[in-house]
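Before going through the points of this note, please take a moment with the sequence and the structure displayed here. The points are meant for a colleague who is meeting them for the first time.

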Amino acid sequence: MSDFPFHVAGGVFGGGRSIFLDALSLPVEPSVSTASSSRRRKLWEISHKFHCPVIGVCFECDELRRLMNKVMHLPKDAADFLLHTTAVGCCEERSRLADVLQKTLEKRYQLTIRQFASIKTDSDLRLAWKVACKEGRNIPAALWACWTHPDCTDQLEQEIYADIHMIQHQLGAHNRADQNAMKALKVENVGLYQRLESSQAELEELRRKMAAQSSQSVQTIAQLRAELAATGARALCYAKESVLRDALPDLETRQVLAQRLSDTEARAKEARLQAEELSREVGRLRDFAKHAEETIESLTREDDALAALPEDQLSGKCVLCVGGRSGAVNSYREVVEQSGGHFMHHDGGLEESLHRIDGVLAAADIVICQVGCISHNAYWRVKELCKRTGKPCMFVKSAGVTSFGRAVNEFGKKP
(Lines give C-alpha, C1' and ligand atoms only; values in the text may rest on other atoms or scores of the structure.)
Protein backbone atom coordinates (compact mmCIF):
# COMPACT_ATOMS: atom_id res chain seq x y z
CA MET A 1 0.00 0.00 0.00
CA SER A 2 1.24 3.57 -0.75
CA ASP A 3 2.83 5.64 1.99
CA PHE A 4 0.33 8.43 1.28
CA PRO A 5 -2.93 8.23 3.31
CA PHE A 6 -6.26 8.19 1.55
CA HIS A 7 -8.67 10.55 3.32
CA VAL A 8 -12.37 10.06 2.73
CA ALA A 9 -15.44 11.15 4.60
CA GLY A 10 -15.46 9.53 8.02
CA GLY A 11 -11.89 8.16 8.20
CA VAL A 12 -8.34 7.72 6.90
CA PHE A 13 -6.92 4.73 4.97
CA GLY A 14 -3.19 4.10 5.10
CA GLY A 15 -2.12 5.84 8.31
CA GLY A 16 -3.21 8.07 11.14
CA ARG A 17 -3.58 11.79 11.15
CA SER A 18 -0.12 12.48 12.63
CA ILE A 19 1.56 10.27 10.01
CA PHE A 20 -0.27 12.19 7.24
CA LEU A 21 0.85 15.58 8.55
CA ASP A 22 4.45 14.41 8.98
CA ALA A 23 4.56 13.13 5.40
CA LEU A 24 3.28 16.43 4.00
CA SER A 25 5.40 18.62 6.32
CA LEU A 26 2.40 20.91 6.85
CA PRO A 27 2.14 22.87 10.12
CA VAL A 28 -1.10 22.21 11.99
CA GLU A 29 -2.76 25.42 13.12
CA PRO A 30 -5.28 25.54 15.94
CA SER A 31 -8.86 25.01 14.85
CA VAL A 32 -11.33 27.85 15.13
CA SER A 33 -14.46 27.23 17.15
CA THR A 34 -17.50 26.43 15.04
CA ALA A 35 -19.94 27.93 17.51
CA SER A 36 -22.92 29.65 15.99
CA SER A 37 -22.10 33.24 14.98
CA SER A 38 -22.96 35.78 12.32
CA ARG A 39 -19.80 35.22 10.30
CA ARG A 40 -19.33 32.71 7.48
CA ARG A 41 -17.49 29.49 8.22
CA LYS A 42 -14.06 28.59 6.80
CA LEU A 43 -13.27 25.48 4.83
CA TRP A 44 -11.79 23.65 7.83
CA GLU A 45 -14.75 24.67 10.03
CA ILE A 46 -17.40 22.75 8.06
CA SER A 47 -17.97 19.06 8.70
CA HIS A 48 -15.14 16.89 7.39
CA LYS A 49 -17.45 14.64 5.39
CA PHE A 50 -18.42 17.71 3.33
CA HIS A 51 -14.81 18.28 2.24
CA CYS A 52 -14.95 15.45 -0.27
CA PRO A 53 -17.83 16.91 -2.36
CA VAL A 54 -16.45 20.45 -2.02
CA ILE A 55 -13.02 19.45 -3.37
CA GLY A 56 -14.51 17.17 -6.05
CA VAL A 57 -17.16 19.63 -7.30
CA CYS A 58 -15.34 22.96 -7.01
CA PHE A 59 -11.87 22.04 -8.35
CA GLU A 60 -10.66 20.47 -11.59
CA CYS A 61 -7.87 17.93 -11.19
CA ASP A 62 -5.30 20.04 -13.07
CA GLU A 63 -6.13 23.12 -11.00
CA LEU A 64 -5.95 21.12 -7.79
CA ARG A 65 -2.54 19.75 -8.78
CA ARG A 66 -1.27 23.27 -9.48
CA LEU A 67 -2.53 24.63 -6.14
CA MET A 68 -1.11 21.71 -4.15
CA ASN A 69 2.33 22.10 -5.77
CA LYS A 70 2.53 25.56 -4.20
CA VAL A 71 2.64 24.20 -0.65
CA MET A 72 3.88 20.61 -0.93
CA HIS A 73 6.00 18.32 -3.05
CA LEU A 74 4.04 15.77 -5.08
CA PRO A 75 5.28 13.02 -7.38
CA LYS A 76 4.90 14.00 -11.03
CA ASP A 77 2.94 10.83 -11.74
CA ALA A 78 0.60 11.17 -8.75
CA ALA A 79 -2.88 9.91 -9.64
CA ASP A 80 -5.93 12.19 -9.54
CA PHE A 81 -7.46 10.08 -6.74
CA LEU A 82 -4.33 10.59 -4.63
CA LEU A 83 -4.56 14.35 -5.17
CA HIS A 84 -8.23 14.37 -4.19
CA THR A 85 -7.86 12.31 -1.03
CA THR A 86 -4.76 14.23 0.06
CA ALA A 87 -6.52 17.57 -0.38
CA VAL A 88 -9.57 16.29 1.54
CA GLY A 89 -7.34 15.19 4.41
CA CYS A 90 -5.59 18.58 4.57
CA CYS A 91 -8.94 20.36 4.98
CA GLU A 92 -9.83 18.55 8.22
CA GLU A 93 -7.85 21.18 10.14
CA ARG A 94 -6.38 24.49 9.10
CA SER A 95 -3.19 24.09 7.05
CA ARG A 96 -1.33 25.89 4.35
CA LEU A 97 -3.18 23.96 1.61
CA ALA A 98 -6.53 24.61 3.34
CA ASP A 99 -5.71 28.34 3.36
CA VAL A 100 -4.88 28.28 -0.36
CA LEU A 101 -8.12 26.42 -1.19
CA GLN A 102 -10.15 28.76 1.05
CA LYS A 103 -8.79 31.89 -0.67
CA THR A 104 -9.36 30.38 -4.12
CA LEU A 105 -13.00 29.50 -3.37
CA GLU A 106 -13.73 32.89 -1.82
CA LYS A 107 -12.27 34.76 -4.79
CA ARG A 108 -13.93 32.56 -7.41
CA TYR A 109 -17.45 32.62 -5.94
CA GLN A 110 -17.47 36.13 -4.44
CA LEU A 111 -20.45 37.22 -6.57
CA THR A 112 -22.62 34.29 -5.41
CA ILE A 113 -21.43 34.79 -1.81
CA ARG A 114 -22.59 38.43 -1.92
CA GLN A 115 -25.96 37.34 -3.32
CA PHE A 116 -26.43 34.72 -0.56
CA ALA A 117 -25.33 37.22 2.11
CA SER A 118 -28.79 38.87 1.98
CA ILE A 119 -30.43 35.57 3.08
CA LYS A 120 -31.18 35.54 6.81
CA THR A 121 -33.16 32.27 7.41
CA ASP A 122 -32.51 28.61 6.72
CA SER A 123 -35.77 28.33 4.75
CA ASP A 124 -34.70 31.07 2.31
CA LEU A 125 -31.25 29.45 2.09
CA ARG A 126 -32.91 26.07 1.31
CA LEU A 127 -35.04 27.75 -1.40
CA ALA A 128 -31.97 29.35 -3.00
CA TRP A 129 -30.21 25.96 -3.06
CA LYS A 130 -33.23 24.25 -4.66
CA VAL A 131 -33.46 26.95 -7.32
CA ALA A 132 -29.75 26.49 -8.17
CA CYS A 133 -30.23 22.70 -8.40
CA LYS A 134 -33.32 23.08 -10.58
CA GLU A 135 -31.63 25.48 -12.97
CA GLY A 136 -28.54 23.25 -13.08
CA ARG A 137 -26.08 26.11 -13.17
CA ASN A 138 -23.66 27.60 -10.61
CA ILE A 139 -24.09 24.52 -8.43
CA PRO A 140 -20.45 24.63 -7.15
CA ALA A 141 -20.87 28.31 -6.18
CA ALA A 142 -24.23 27.65 -4.49
CA LEU A 143 -22.76 24.63 -2.67
CA TRP A 144 -19.89 26.68 -1.25
CA ALA A 145 -22.10 29.68 -0.37
CA CYS A 146 -24.69 27.48 1.43
CA TRP A 147 -22.33 25.28 3.47
CA THR A 148 -20.31 28.30 4.68
CA HIS A 149 -23.39 30.46 5.35
CA PRO A 150 -23.82 31.33 9.05
CA ASP A 151 -27.57 30.37 8.93
CA CYS A 152 -27.00 26.90 7.45
CA THR A 153 -28.42 24.36 9.96
CA ASP A 154 -27.37 20.74 10.46
CA GLN A 155 -30.54 19.50 8.76
CA LEU A 156 -29.94 21.78 5.73
CA GLU A 157 -26.33 20.60 5.56
CA GLN A 158 -27.52 16.99 5.35
CA GLU A 159 -30.12 17.83 2.70
CA ILE A 160 -27.48 19.62 0.59
CA TYR A 161 -25.12 16.66 1.10
CA ALA A 162 -27.81 14.26 -0.09
CA ASP A 163 -28.70 16.45 -3.09
CA ILE A 164 -25.07 16.84 -4.21
CA HIS A 165 -24.52 13.10 -3.73
CA MET A 166 -27.42 12.27 -6.03
CA ILE A 167 -26.46 14.97 -8.51
CA GLN A 168 -23.04 13.35 -8.82
CA HIS A 169 -24.66 9.94 -9.42
CA GLN A 170 -26.97 11.45 -12.02
CA LEU A 171 -24.06 13.18 -13.69
CA GLY A 172 -22.26 9.85 -13.83
CA ALA A 173 -25.31 8.19 -15.39
CA HIS A 174 -25.68 11.04 -17.83
CA ASN A 175 -22.01 10.79 -18.66
CA ARG A 176 -22.39 7.09 -19.41
CA ALA A 177 -25.40 7.82 -21.60
CA ASP A 178 -23.50 10.60 -23.28
CA GLN A 179 -20.56 8.27 -23.83
CA ASN A 180 -22.80 5.64 -25.42
CA ALA A 181 -24.40 8.31 -27.59
CA MET A 182 -20.96 9.60 -28.44
CA LYS A 183 -19.82 6.14 -29.49
CA ALA A 184 -22.90 5.77 -31.71
CA LEU A 185 -22.29 9.20 -33.17
CA LYS A 186 -18.63 8.31 -33.80
CA VAL A 187 -19.67 5.15 -35.67
CA GLU A 188 -22.23 7.13 -37.64
CA ASN A 189 -19.68 9.85 -38.28
CA VAL A 190 -17.20 7.30 -39.64
CA GLY A 191 -19.84 5.99 -42.05
CA LEU A 192 -20.81 9.49 -43.11
CA TYR A 193 -17.16 10.42 -43.53
CA GLN A 194 -16.58 7.38 -45.74
CA ARG A 195 -19.64 8.24 -47.81
CA LEU A 196 -18.42 11.82 -48.04
CA GLU A 197 -14.99 10.70 -49.21
CA SER A 198 -16.59 8.42 -51.82
CA SER A 199 -18.86 11.22 -53.01
CA GLN A 200 -15.96 13.64 -53.15
CA ALA A 201 -13.90 11.13 -55.16
CA GLU A 202 -16.81 10.65 -57.59
CA LEU A 203 -17.30 14.40 -57.81
CA GLU A 204 -13.59 14.94 -58.43
CA GLU A 205 -13.57 12.29 -61.16
CA LEU A 206 -16.64 13.88 -62.78
CA ARG A 207 -15.04 17.32 -62.52
CA ARG A 208 -11.86 15.99 -64.13
CA LYS A 209 -13.81 14.45 -67.01
CA MET A 210 -15.80 17.64 -67.53
CA ALA A 211 -12.57 19.67 -67.50
CA ALA A 212 -11.01 17.33 -70.07
CA GLN A 213 -14.10 17.55 -72.28
CA SER A 214 -14.16 21.32 -71.93
CA SER A 215 -10.48 21.57 -72.84
CA GLN A 216 -11.00 19.29 -75.83
CA SER A 217 -13.98 21.37 -76.95
CA VAL A 218 -11.97 24.59 -76.67
CA GLN A 219 -9.14 23.09 -78.73
CA THR A 220 -11.59 21.82 -81.36
CA ILE A 221 -13.28 25.22 -81.60
CA ALA A 222 -9.92 26.98 -81.91
CA GLN A 223 -8.80 24.54 -84.60
CA LEU A 224 -12.04 24.99 -86.58
CA ARG A 225 -11.74 28.76 -86.33
CA ALA A 226 -8.13 28.63 -87.52
CA GLU A 227 -9.10 26.40 -90.46
CA LEU A 228 -11.98 28.71 -91.33
CA ALA A 229 -9.73 31.77 -91.16
CA ALA A 230 -7.06 30.04 -93.27
CA THR A 231 -9.64 29.03 -95.90
CA GLY A 232 -10.95 32.59 -96.09
CA ALA A 233 -7.41 33.99 -96.30
CA ARG A 234 -6.44 31.58 -99.09
CA ALA A 235 -9.54 32.47 -101.07
CA LEU A 236 -8.80 36.17 -100.64
CA CYS A 237 -5.15 35.70 -101.67
CA TYR A 238 -6.16 33.75 -104.76
CA ALA A 239 -8.59 36.50 -105.74
CA LYS A 240 -5.99 39.26 -105.22
CA GLU A 241 -3.34 37.26 -107.06
CA SER A 242 -5.67 36.83 -110.01
CA VAL A 243 -6.41 40.56 -110.06
CA LEU A 244 -2.69 41.42 -109.89
CA ARG A 245 -1.79 39.01 -112.66
CA ASP A 246 -4.43 40.54 -114.89
CA ALA A 247 -3.20 44.06 -114.07
CA LEU A 248 0.57 43.24 -114.39
CA PRO A 249 1.23 40.81 -117.25
CA ASP A 250 5.08 41.26 -116.92
CA LEU A 251 5.17 40.53 -113.15
CA GLU A 252 7.59 37.63 -113.46
CA THR A 253 10.12 39.73 -115.40
CA ARG A 254 9.94 42.44 -112.77
CA GLN A 255 10.48 39.91 -110.02
CA VAL A 256 13.65 38.61 -111.76
CA LEU A 257 14.97 42.16 -112.16
CA ALA A 258 14.24 42.95 -108.51
CA GLN A 259 16.20 39.86 -107.44
CA ARG A 260 19.16 40.89 -109.63
CA LEU A 261 19.06 44.41 -108.14
CA SER A 262 19.09 42.95 -104.62
CA ASP A 263 22.12 40.77 -105.45
CA THR A 264 23.96 43.74 -107.01
CA GLU A 265 23.34 45.90 -103.94
CA ALA A 266 24.67 43.10 -101.71
CA ARG A 267 27.87 42.82 -103.77
CA ALA A 268 28.30 46.60 -103.73
CA LYS A 269 27.94 46.68 -99.97
CA GLU A 270 30.57 43.95 -99.63
CA ALA A 271 32.93 45.91 -101.92
CA ARG A 272 32.46 49.05 -99.81
CA LEU A 273 33.35 47.10 -96.68
CA GLN A 274 36.49 45.72 -98.32
CA ALA A 275 37.49 49.24 -99.46
CA GLU A 276 37.06 50.57 -95.93
CA GLU A 277 39.17 47.73 -94.54
CA LEU A 278 41.92 48.42 -97.11
CA SER A 279 41.80 52.14 -96.26
CA ARG A 280 42.28 51.37 -92.57
CA GLU A 281 45.19 49.04 -93.40
CA VAL A 282 46.86 51.77 -95.50
CA GLY A 283 46.52 54.22 -92.59
CA ARG A 284 48.01 51.71 -90.19
CA LEU A 285 50.99 51.10 -92.55
CA ARG A 286 51.54 54.85 -92.88
CA ASP A 287 51.59 55.25 -89.11
CA PHE A 288 54.03 52.36 -88.85
CA ALA A 289 56.32 53.90 -91.46
CA LYS A 290 56.20 57.25 -89.65
CA HIS A 291 57.07 55.57 -86.37
CA ALA A 292 59.93 53.68 -88.04
CA GLU A 293 61.35 56.93 -89.45
CA GLU A 294 61.13 58.57 -86.03
CA THR A 295 62.85 55.56 -84.45
CA ILE A 296 65.64 55.68 -87.03
CA GLU A 297 66.16 59.39 -86.40
CA SER A 298 66.19 58.81 -82.62
CA LEU A 299 68.73 56.00 -82.92
CA THR A 300 70.87 58.19 -85.18
CA ARG A 301 70.83 60.98 -82.61
CA GLU A 302 71.65 58.50 -79.84
CA ASP A 303 74.59 57.14 -81.84
CA ASP A 304 75.86 60.67 -82.33
CA ALA A 305 75.50 61.33 -78.60
CA LEU A 306 77.32 58.14 -77.79
CA ALA A 307 80.12 59.03 -80.11
CA ALA A 308 80.49 62.36 -78.29
CA LEU A 309 80.97 60.77 -74.86
CA PRO A 310 84.62 60.98 -73.61
CA GLU A 311 86.55 57.78 -73.03
CA ASP A 312 88.02 56.62 -69.69
CA GLN A 313 85.61 58.85 -67.86
CA LEU A 314 84.51 56.12 -65.36
CA SER A 315 88.06 54.91 -64.60
CA GLY A 316 87.12 51.26 -64.22
CA LYS A 317 84.00 51.78 -62.04
CA CYS A 318 81.22 49.20 -62.16
CA VAL A 319 77.86 50.62 -63.34
CA LEU A 320 74.60 48.76 -62.53
CA CYS A 321 71.63 49.48 -64.81
CA VAL A 322 68.27 48.51 -63.29
CA GLY A 323 65.40 48.33 -65.83
CA GLY A 324 65.48 49.83 -69.32
CA ARG A 325 64.40 48.47 -72.68
CA SER A 326 65.51 44.90 -73.27
CA GLY A 327 66.56 45.72 -76.87
CA ALA A 328 68.83 48.57 -75.73
CA VAL A 329 70.88 46.63 -73.14
CA ASN A 330 73.78 46.21 -75.57
CA SER A 331 73.74 49.95 -76.28
CA TYR A 332 73.84 50.66 -72.52
CA ARG A 333 76.81 48.29 -72.27
CA GLU A 334 78.68 50.11 -75.10
CA VAL A 335 78.13 53.48 -73.41
CA VAL A 336 79.60 52.23 -70.11
CA GLU A 337 82.53 50.41 -71.72
CA GLN A 338 83.38 53.39 -73.98
CA SER A 339 83.54 55.51 -70.82
CA GLY A 340 86.02 53.07 -69.26
CA GLY A 341 83.66 51.25 -66.88
CA HIS A 342 82.21 47.76 -66.30
CA PHE A 343 78.50 47.15 -67.02
CA MET A 344 75.95 45.05 -65.07
CA HIS A 345 72.21 44.81 -65.71
CA HIS A 346 69.03 43.74 -63.88
CA ASP A 347 65.60 43.96 -65.55
CA GLY A 348 63.87 45.33 -62.43
CA GLY A 349 61.82 42.27 -61.51
CA LEU A 350 60.12 41.75 -64.88
CA GLU A 351 61.72 38.34 -65.42
CA GLU A 352 64.67 38.17 -63.03
CA SER A 353 64.25 37.61 -59.28
CA LEU A 354 64.18 40.68 -57.03
CA HIS A 355 66.54 38.96 -54.58
CA ARG A 356 69.31 39.08 -57.22
CA ILE A 357 69.34 42.90 -56.97
CA ASP A 358 71.00 42.67 -53.56
CA GLY A 359 74.04 40.84 -54.95
CA VAL A 360 74.57 42.90 -58.11
CA LEU A 361 74.03 46.19 -56.23
CA ALA A 362 76.66 45.20 -53.66
CA ALA A 363 79.21 44.69 -56.47
CA ALA A 364 78.35 47.99 -58.24
CA ASP A 365 79.93 51.42 -57.75
CA ILE A 366 77.21 53.40 -59.52
CA VAL A 367 73.49 52.59 -59.86
CA ILE A 368 71.30 53.97 -62.66
CA CYS A 369 67.60 53.09 -62.17
CA GLN A 370 65.24 53.61 -65.10
CA VAL A 371 61.97 54.03 -63.22
CA GLY A 372 59.73 53.78 -66.26
CA CYS A 373 60.69 50.15 -66.90
CA ILE A 374 60.77 48.48 -63.46
CA SER A 375 58.21 47.30 -60.92
CA HIS A 376 57.27 49.28 -57.80
CA ASN A 377 58.87 46.67 -55.53
CA ALA A 378 62.15 46.91 -57.45
CA TYR A 379 62.09 50.72 -57.26
CA TRP A 380 61.69 50.78 -53.47
CA ARG A 381 64.22 47.97 -53.01
CA VAL A 382 66.91 49.79 -55.04
CA LYS A 383 66.21 53.06 -53.25
CA GLU A 384 66.44 51.45 -49.79
CA LEU A 385 69.64 49.48 -50.58
CA CYS A 386 71.40 52.53 -52.03
CA LYS A 387 70.45 54.60 -49.01
CA ARG A 388 71.66 51.88 -46.65
CA THR A 389 75.01 51.25 -48.45
CA GLY A 390 75.68 54.85 -49.52
CA LYS A 391 75.96 53.88 -53.21
CA PRO A 392 75.40 56.80 -55.65
CA CYS A 393 72.12 56.26 -57.48
CA MET A 394 70.37 58.20 -60.23
CA PHE A 395 66.72 57.63 -61.22
CA VAL A 396 66.08 58.21 -64.94
CA LYS A 397 62.53 58.56 -66.29
CA SER A 398 63.35 57.86 -69.96
CA ALA A 399 64.63 54.47 -71.11
CA GLY A 400 66.52 55.88 -74.12
CA VAL A 401 70.22 55.35 -74.71
CA THR A 402 70.79 59.11 -74.79
CA SER A 403 69.31 59.56 -71.32
CA PHE A 404 71.41 56.67 -70.03
CA GLY A 405 74.56 58.24 -71.62
CA ARG A 406 73.84 61.58 -69.95
CA ALA A 407 73.52 59.84 -66.59
CA VAL A 408 76.84 58.05 -67.10
CA ASN A 409 78.49 61.32 -68.20
CA GLU A 410 77.16 63.08 -65.09
CA PHE A 411 78.62 60.41 -62.82
CA GLY A 412 81.92 60.58 -64.77
CA LYS A 413 82.26 64.31 -64.03
CA LYS A 414 82.00 63.73 -60.28
CA PRO A 415 85.32 63.14 -58.43
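The numbered points below begin with the whole chain and then turn to the sheet, its helices and some other places.

1. The model is a predicted one, and what follows should be read with that in mind. The protein chain has 415 residues, of which 29% count as buried, and its secondary structure comes to 14 helices and six strands. It exposes about 27,000 Å², with carbon and sulfur atoms supplying 55% of that area.

2. How much of the contact in the chain is between residues 24 or more positions apart? Among the contacts in the protein chain with a separation of 6 or more, residues that far apart account for 71%.

3. Four strands make up an open sheet, in which the order is β4-β3-β5-β6 and the pairing is parallel. The edges are taken by β4, residues 342-346, and β6, residues 393-396; each has a single partner strand, so one side of each is left without a neighbour in the sheet. From one strand to the next, the twist averages 20°. As background, the strands of a sheet pair through backbone hydrogen bonds, in either a parallel or an antiparallel manner.

4. Strand β5, which covers residues 366-370, is joined to β6 by four bridges, and the two run parallel. Four bridges also join β3 to β5, again with the strands running parallel. For a reader who wishes to follow the pairing residue by residue, C369 is a convenient place to begin: V322 stands opposite C369 in β5, while the bridge partner of C369 in β6 is F395. I368, for its part, stands opposite M394 in β6.

5. Is β5 enclosed or open to the outside? Five of the five residues of β5 are buried, so the strand is largely enclosed by the rest of the structure. The side chains can be sorted by direction, since I366, I368 and Q370 point one way from β5, whereas V367 and C369 point the other way, and all are buried.

6. Two helices should be viewed together with the sheet. Helix α11, made of residues 329-338, lies across β3 (318-322), β4 and β5, and runs at about 150° to β4. Helix α13, made of residues 376-389, packs on the sheet and touches β3, β5 and β6, its direction making about 155° with that of β6.

7. Helix α4, residues 80-90, is mostly covered, as nine of its eleven residues are buried. The buried residues of α4 are L82, L83, H84, T85, T86, A87, V88, G89 and C90, and a reader can locate them directly in the display.

8. T104 has its place in helix α5, which spans residues 96-108. With a relative accessible area of 18%, T104 falls under the 20% cut-off and is therefore buried. Leaving aside residues up to four places away in sequence, T104 touches F59, E63 and L67.

9. The last point concerns the surface, where L203, L206 and M210 make a nonpolar patch of about 300 Å². M210 lies in helix α9, which runs over residues 154-247. Its relative accessibility is 49%, and M210 therefore counts as partly exposed.

Technical notes:
Residues numbered from 1 in each chain as written. Predicted model: local features only at pLDDT ≥ 70, side-chain atom pairs only at ≥ 80, totals over all residues. Heavy atoms only, no water. Pairing = 2+ DSSP bridges. Axes fitted to C-alpha atoms, helices over the stretch in contact; angles between N-to-C directions. Contact = heavy atoms within 4.5 Å. Patch = residues over 30% accessible without salt bridge, like charges linked within 9 Å, V, L, I, M, F, W, Y side chains within 5 Å. Areas by Shrake-Rupley, 256 points an atom, 1.4 Å probe, with all protein chains shown as cover. Salt bridge = Lys/Arg side-chain N within 4 Å of Asp/Glu carboxyl O. Buried < 20%, exposed > 50% of the residue type's maximum accessible area, 1.4 Å probe, protein only.
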